[in-house]
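Let's learn to read a protein model together, one feature at a time. Bring your questions, and we will work through them slowly.

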Amino acid sequence: MNLYNIKHPEEQVNFAQAVRQGLGKNQGLFFPEVLPQLENIDELLNLPLVERSQKILSALIGDEIASETLNAMVKNAFTFPAPLAKVSEDIFALELFHGPTLAFKDFGGRFMAQALAAVRGDGKITILTATSGDTGAAVAHAFYGLANINVVILYPKGKISPLQEKLFCTLGGNIRTIAIESDFDACQALVKQAFDDVELREAIGLNSANSINISRLLAQVCYYFEAVAQLPKEKRSEIVVSVPSGNFGNLTAGLIAKTLGLPIKRFIASTNANDTVPRYLKSGEWSPNATVATLSNAMDVSRPNNWPRVEELFKRNGWALGELGSDALSDAETEAALKAQHAQGYLCEPHGAIAYQVLKDQLQAGETGIFLCTAHPAKFKESVERILDIELPLPEALDKHNKMELLSDTMPADFMKLREYLLVE
Ligand SMILES: Cc1ncc(COP(=O)(O)O)c(C=O)c1O
């Protein structure tokens, strides 16, 4: 698989290099040079998740990784299902929260850990990643205990749910976590600065496990196929998918699935009040506001990292950006959406509720809608219980971590301090 840097197309790497490096020169994102058209999509859709995903990833990655190795990577990563639940006659929920950390990031995080272990070489490796909530847990759990890989995770202090924090800041061992006294964008900026620091990068073998790493995105492509595979055949011709979006990795993966030939009519980017993209799609002006804290905190991102990849896909496929649906919901609208879903008999959480409501508002007659449920409702226990006036039992994985001691360090958003910290070990 050949990839190029979107900012500097002359920088070209193979899959192994892209996985190891994460980001290209000048913080440019790597993008596959060729996205093959898959043949026999109907046959693919008849296969079980793991087998189908092995074929999709093999078509994407090519012969750079031996097929037995790739098959084992997929089998080790995708150890849990992604069921499609019927919410109403025309609307289905793709539940991506049945993995070990109860969020969609388990797909990408676990596949990336497998990919890195396969292509790592001999040097030291430090995974440095910023999280607005769920990436941290998925990455921490995917890499926990892997020999000679250190993981450092930055998150905005006080701006992720207490349960999210407990899930990944209690592991210890090769996982270190830092609460940054600022917002997610500042955490992301620190990660970017670290990658720009060549000396630091080489000294500690820096690697990012954010959705900027191509291996994570490729893994996420697979669950869009799994969604369509579970739809009754008569509902597969006019599919609309609504994606709760923050950093826009999930949407990028969906657009790649469509490029490969998955029959999806159109996508909707659903956001909270951090609405840079919906405003851009309406006005043509890219003008991020300051990030605001919302109920759907994992989407509190006003400068989405993956947006250049989304534009690249539209450009290369000759699609008009105007075909991308979008809308932004306020917290009050998110609460109303969660209540409406619950009244419909489906229990969700704020991120999925936004995707549901925007889909419901924009779905046309004859279309079938799928929205992505990116986290288990119990990961947002406090808000879900308050809004719906119910009690939510904690799933076992969360309950265990909830009782453990927090091990995080605290730090201002100061790159030199972070640099020192990273160089200590
Ligand atoms: C629960 C949840 N939903 C949605 C998103 C947004 O996904 P993306 O950043 O790929 O747009 C995130 C990202 O962290 C998340 O944790």
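The dialogue below moves from annotations to buried residues, backbone angles and helix packing.

Q: What kind of model is this?
A: This is a predicted model. Keep that in mind as we go.

Q: Let's start with the record. Which residues does the annotation "domain: Threonine synthase N-terminal" cover?
A: A UniProt annotation comes from a record and may be inferred rather than shown by experiment. Here the unreviewed UniProt entry gives that domain annotation to residues 10-78. Looking at the model itself, residues 10-78 are 52% helix and 9% strand. The C-alpha atoms at the two ends of this stretch are 34 Å apart.

Q: Which residue does the annotation "modified residue: N6-(pyridoxal phosphate)lysine" cover?
A: According to the unreviewed UniProt entry, that is K105. In the model, K105 sits in helix α5, which spans residues 105-119.

Q: Is K105 buried or exposed?
A: The general idea is to look at relative accessible area, where buried means under 20%. K105 has 15%, so K105 is buried. Leaving aside neighbours within four places in sequence, K105 is in contact with D134, T135, A138 and R216.

Q: Let's try another lysine. Where does K379 lie?
A: K379 is in the loop between β13 (368-373) and α16. Its relative accessible area is 1%, so K379 counts as buried. Beyond its neighbours within four places in sequence, K379 has contacts that include T101, L102, A103, S161, Q164 and L398. D134 is also in contact with K379, and D134 appears among the contacts of K105 too.

Q: How do I read a polar contact between side chains? Which residue does the side chain of R52 meet in this way?
A: The general idea is a pair of N or O atoms within 3.5 Å. The side chains of R52 and E226 are joined by a polar contact of 2.8 Å. R52 is part of helix α3 (residues 49-61), and R52 is buried because its relative accessible area is 2%. Not counting neighbours within four places in sequence, R52 also touches residues including L44, L45, F225 and A229.

Q: Residues can be far apart in sequence and still meet in space. What separates the C-alpha atoms of T170 and N402?
A: They are 232 residues apart along the chain, but their C-alpha atoms are separated by 8.8 Å. T170 is found in the loop between α7 (162-168) and β8 (175-180). With 4% relative accessibility, T170 is buried. Its side chain makes a polar contact of 3.1 Å with the side chain of H401. A polar atom of the T170 side chain also lies 2.7 Å from the backbone oxygen of K166. Leaving aside neighbours within four places in sequence, the residues in contact with T170 are H401, M404, E405, L406 and L407.

Q: Which residues does P304 touch?
A: Not counting residues up to four places away in sequence, P304 touches G246, N247, F248, V277 and W286. P304 lies in the loop between α12 (276-283) and α13 (307-317), and its relative accessible area of 6% makes P304 buried. P304 and G249 are 55 residues apart in sequence, with their C-alpha atoms 8.7 Å apart.

Q: Now the backbone. What should I look for in phi?
A: Most residues other than glycine have a negative phi. Here Q27 has a positive phi near 60°. Q27 lies in the loop between α1 (15-21) and β3 (30-32), and a relative accessible area of 22% makes Q27 partly exposed. N40, also not a glycine, has a positive phi of about 50°; N40 lies in the loop between β3 and α2 (41-45).

Q: Last topic: at what angle do the axes of α14 and α16 cross?
A: Angles of 65 to 115 degrees count as roughly perpendicular. The axes of α14 (residues 331-343) and α16 (residues 381-388) come within 10 Å and cross at roughly 70°, so the two helices are roughly perpendicular to each other.

Q: Which residues meet there?
A: From α14 come E335, L338, K339 and H342, and they meet V384, R386, I387 and L388 of α16. These residues divide into four nonpolar, one polar and three charged. The buried residues of α16 are S383, V384, E385, I387 and L388, and they pack against α14 and α15 (350-362). After α16 comes D389, with a positive phi near 55°.

How values were computed: Residues numbered from 1 in each chain as written. Predicted model: local features only at pLDDT ≥ 70, side-chain atom pairs only at ≥ 80, totals over all residues. Heavy atoms only, no water. Axes fitted to C-alpha atoms, helices over the stretch in contact; angles between N-to-C directions. Helix = DSSP H or I, 4+ residues; strand = E, 2+ residues; numbered from the N terminus. Parallel < 35°, antiparallel > 145°, perpendicular 65-115°, else oblique. Contact = heavy atoms within 4.5 Å. Nonpolar A, V, L, I, M, F, W, Y, C, P; charged D, E, K, R; others polar. Buried < 20%, exposed > 50% of the residue type's maximum accessible area, 1.4 Å probe, protein only. Polar contact = N/O pair within 3.5 Å; in protein donor to acceptor, adjacent residues only side chain to side chain.
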